[in-house]
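Trainee: Could you take me through one spot in this model, up close, and then show me how it sits in the rest of the chain? I'd like the local picture before the big one.

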Amino acid sequence: IQTFELSVFPELQDRAAIYINMDEVFAQPKVIRAGKSLLLDAEVTQRHLQAEHRKASADYSFGGYLEDRRNLWAGSYLEPDKAVHLGIDINAPAGTAVAPEHAVSVAKIIHDPDNDGGWGSVIIFKLDAPMGEISHFIYAHLGKDSVTVREGDKIAPGTAVARLGQPHENGGWYE
């Protein structure tokens, strides 16, 4: 198992992260009951993730980009053929500070209160220097009262802008 360090978390700089394909790791029949994934329950998913972290001697994990999430999202509001995940989920403790790695400005801040698959608080950033075709990126599932920036603010690399939210404020998802 390869471990990584993710620079978006200043507090976790020296702690190991692992890549987890959530849909593959949690595609076990025991997590789907009556056509609904038990992993839609944030506490159940958190217990599974903690076990994976212990097994790999990692403090946190990440994954999600272009994963087929049919198993993980079974029984949710998402249609089975629309279960490709376009974000990167970073499974770190609620309250962990997040900071952009590059110079950015805050393009938009949204607070999505939906606890049945919403996004919690969201910050949309515009890169000062685009990376190829990438000009914007999003941090989501943040704690509403933890956002410390405003739309239009210029942010230096490594500056904490918010903290990861708990399930009741991050859209109902695991940490």
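Mentor: Sure, let's start with a side-chain pair: the side chain of Ser-121 makes a polar contact with the side chain of His-111, at 2.6 Å. Keep in mind that this is a predicted model, and that the distance of 2.6 Å is computed from its atoms.

Where does Ser-121 sit? You'll find Ser-121 in strand 9, a strand that covers residues 120-131. Is Ser-121 buried or exposed? Its relative accessible area is just 1%, and the cut-off for buried is under 20%, so Ser-121 counts as buried.

Now look at what is around Ser-121. Setting aside neighbours within four places in sequence, Ser-121 has contacts with Ile-110 and with His-111, among others. The polar partner, then, turns up in the contact list as well. Further along the chain, the contacts of Ser-121 include Tyr-139, Ala-140, His-141, Leu-142, Gly-143 and Lys-144. Strand 10 runs over 134-142, so you can trace part of that list along it. Val-147 and Glu-169 are also in contact with Ser-121.

Strands 9 and 10 bring us to the largest pocket. Strand 6 (89-91), strand 9 and strand 10 each give at least two residues to its lining, and strand 10 provides the largest share, with 8 residues. The volume of this pocket is about 1,400 Å³. Its lining has 44 residues, and those nearest the centre are Gly-87, Ile-88, Asp-89, Ile-138 and Tyr-139. Tyr-139 is worth clicking on, as it is also one of the contacts of Ser-121. By class, the lining splits into 28 nonpolar, 11 polar and 5 charged residues.

The second largest pocket holds about 160 Å³ of space. It is lined by 11 residues, with Leu-40, Ser-76, Asn-115, Asp-116 and Gly-117 nearest its centre. The classes here are 3 nonpolar, 6 polar and 2 charged.

Zooming out, the chain has 2 helices and 12 strands, in the order β-β-α-β-β-α-β-β-β-β-β-β-β-β. Of its 175 residues, 42% count as buried, and Ser-121 is one of the buried ones. Among contacts with a separation of 6 or more, 62% join residues 24 or more positions apart. As for the outside, the accessible surface comes to about 9,700 Å², and carbon and sulfur atoms account for 52% of it.

How values were computed
Residues numbered from 1 in each chain as written. Predicted model: local features only at pLDDT ≥ 70, side-chain atom pairs only at ≥ 80, totals over all residues. Heavy atoms only, no water. Helix = DSSP H or I, 4+ residues; strand = E, 2+ residues; numbered from the N terminus. Buried < 20%, exposed > 50% of the residue type's maximum accessible area, 1.4 Å probe, protein only. Contact = heavy atoms within 4.5 Å. Areas by Shrake-Rupley, 256 points an atom, 1.4 Å probe, with all protein chains shown as cover. 1 Å grid on protein atoms, 1.4 Å probe; cavity = no way out; pocket = protein on both sides within 12 Å on 5 of 7 lines; lining within 4 Å. Points joined across faces, edges and corners; volume = space filled by probe spheres on them. Nonpolar A, V, L, I, M, F, W, Y, C, P; charged D, E, K, R; others polar. Polar contact = N/O pair within 3.5 Å; in protein donor to acceptor, adjacent residues only side chain to side chain.
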